[in-house]
Amino acid sequence: MNAGRARKTVLRCASPEPDDTIGSLGKLSKRSSSPRPAEDNNERKSKKRKEKEFAWMDSSDDDGDVDDKASDKDRRSPEREDEDEQEEPLPTSAAEVKSLFEMMRLMESWQKERGKILRLPMAELAEICLAASRVKFFDASSFRDVTQAVKQHLRGHTAVKPADVANVLWGLANVNAYDSEIFELALQALGRGGGGVLQRADRRHILEAFKKTNHRSSHKMFQELSQQEAQARYEDKCLEVAADWQKPGANSTTWRGS
């Protein structure tokens, strides 16, 4: 009977238990899916490099924008300066002129008014000549009217101030606007008198203008002015010598009686 009985075969699995197998597989999958430390470092470095590159590109773009704005400002600055100058009030007289630009604007405005310069008084014409000398201005068309107006005043019967005559001659000489007729008419007007006392400073300006333009005149007034200036210089020299003689320690000669 024992031999006839069939033996029950017990099968045993040599592999780990099912639960252990699943757990080990899960651990392996987690290990494989998690990044390695070296790879993490490489990725972070690459990311930082890209950020730096983009930051550099952004900064260069910003610099370019600043440069463009600066260049635009530079290009607009001359126009703005011109606009600012145009907005400045126009001088009401030549005595207020302080720059070449103001002189140009003033003369241009007066030329637009027909006959404006020809109607100016002698005092204002003298200020024009002084202002032109001060800012180094000369315009042939403008000075044509100025010299014509000056001649009318010098030929007239109304007395002119010696200071105005001196300023006209001084200004014309300094801007190379020499007119021989004006110089002769000026001597005639001074000879008539009636315009006040001729100060020494004005006399010197007249004589210097004659010398600068190399104008020669046989008019007696020119001879009188030259003699008066020579006498004034002689007196100045005498005063200078006397002042030096009176200084302490100066050499002096004292007469002693016997």
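Is K136 buried or exposed? K136 counts as exposed, at 63% relative accessibility, and it gets a close-up of its own further down, in Figure 4. The legends below all describe a predicted model.

**Figure 1. The whole chain is built from helices, with 9 of them and 0 strands.** Walk along from the N terminus and the elements read α-α-α-α-α-α-α-α-α. Of the 258 residues in the protein chain, 27% are buried. The chain exposes about 19,200 Å², and carbon and sulfur atoms supply 51% of that area. As for how the chain folds back on itself, take the contacts with a separation of 6 or more: residues 24 or more positions apart account for 70% of them.

**Figure 2. Helix α3 packs against helix α4 at an angle of about 145°.** The two helices cover residues 100–112 (α3) and 122–135 (α4), and their axes sit 9 Å apart. The crossing of α3 past α4 is left-handed. On the α3 side, the contact is made by L100, M103, M107 and W110; α4 brings in E124, I128, A131, A132 and V135. Sort the residues of this contact by type and you get 8 nonpolar, no polar and 1 charged.

**Figure 3. E127 of helix α4 is a glutamate with some of its surface showing.** Its relative accessible area is 26%, so E127 falls into the partly exposed class, which lies between the under 20% of buried residues and the over 50% of exposed ones. Setting aside residues up to four places away in sequence, E127 touches A94 and A95. Another residue to look for in this view is V168: 41 residues separate E127 and V168 in sequence, yet their C-alpha atoms are 7.9 Å apart in space.

**Figure 4. K136 and N176 are two loop residues with positive phi.** K136 belongs to the loop between α4 and α5 (140–155). Its phi is about 60°, although K136 is not a glycine. Its relative accessibility of 63% is over the 50% cut-off, so K136 counts as exposed. N176 sits in the loop between α6 (162–174) and α7 (180–192). Here, too, phi is positive at about 60° in a residue that is not a glycine. With a relative accessibility of 69%, N176 counts as exposed.

**Figure 5. Aromatic rings pair up in this structure, F137 with F143 among them.** Searching the whole structure turns up 5 aromatic pairs. In the pair formed by F137 and F143, the ring centres are 6.4 Å apart and the planes meet at 35°, so the pair is tilted. Both of these phenylalanines are buried. Elsewhere, ring pairs join Y178, F183, F210 and F222 into a cluster.

**Figure 6. E229 is a buried glutamate in helix α9.** The helix itself runs over residues 220–245. What is the relative accessibility of E229? The value is 3%, which is under the 20% cut-off, so E229 counts as buried. Which residues is E229 in contact with, leaving aside its neighbours within four places in sequence? The list is R200, R203, R204 and L207.

**Figure 7. A140 and A177 bring two separate parts of the sequence into one view.** The two alanines are 37 residues apart in sequence, and in space their C-alpha atoms lie 8.6 Å from each other. A140 is found in helix α5. With a relative accessible area of 42%, A140 is partly exposed.

**Figure 8. R119 sits in the loop between α3 and α4.** This is the loop joining the two helices of Figure 2, so to speak, seen from the point of view of one arginine. R119 counts as exposed, at 58% relative accessibility. Also worth finding in this view is Q152: R119 and Q152 are 33 residues apart along the chain, and 9.9 Å separates their C-alpha atoms.

Key
Residues are numbered from 1 along each chain as its sequence is written. This is a predicted model: local features need pLDDT of at least 70, side-chain atom pairs count only at pLDDT 80 or more; totals for chains, interfaces and linings use all residues. Side-chain values use heavy atoms; hydrogens and water are left out. Axes are lines fitted to C-alpha atoms, for helices over the stretch in contact, and angles run from 0 to 180 degrees between N-to-C directions. Helices (H or I, at least four residues) and strands (E, at least two) are DSSP runs, numbered from the N terminus. A crossing is left-handed if the near helix is turned anticlockwise from the far one by less than a right angle, and right-handed if clockwise. Contact means heavy atoms within 4.5 Å. Ala, Val, Leu, Ile, Met, Phe, Trp, Tyr, Cys and Pro count as nonpolar, Asp, Glu, Lys and Arg as charged, and the others, Gly among them, as polar. Buried means under 20% relative accessible area, exposed over 50%, partly exposed in between (1.4 Å probe, protein chains only). Accessible areas come from the Shrake-Rupley method with a 1.4 Å probe; for residues, only the protein chains shown count as cover. Rings of Phe, Tyr and Trp (its six-membered ring) pair if their centres lie within 6.5 Å; planes under 30 degrees apart count as stacked, over 60 as edge-to-face and the rest as tilted.
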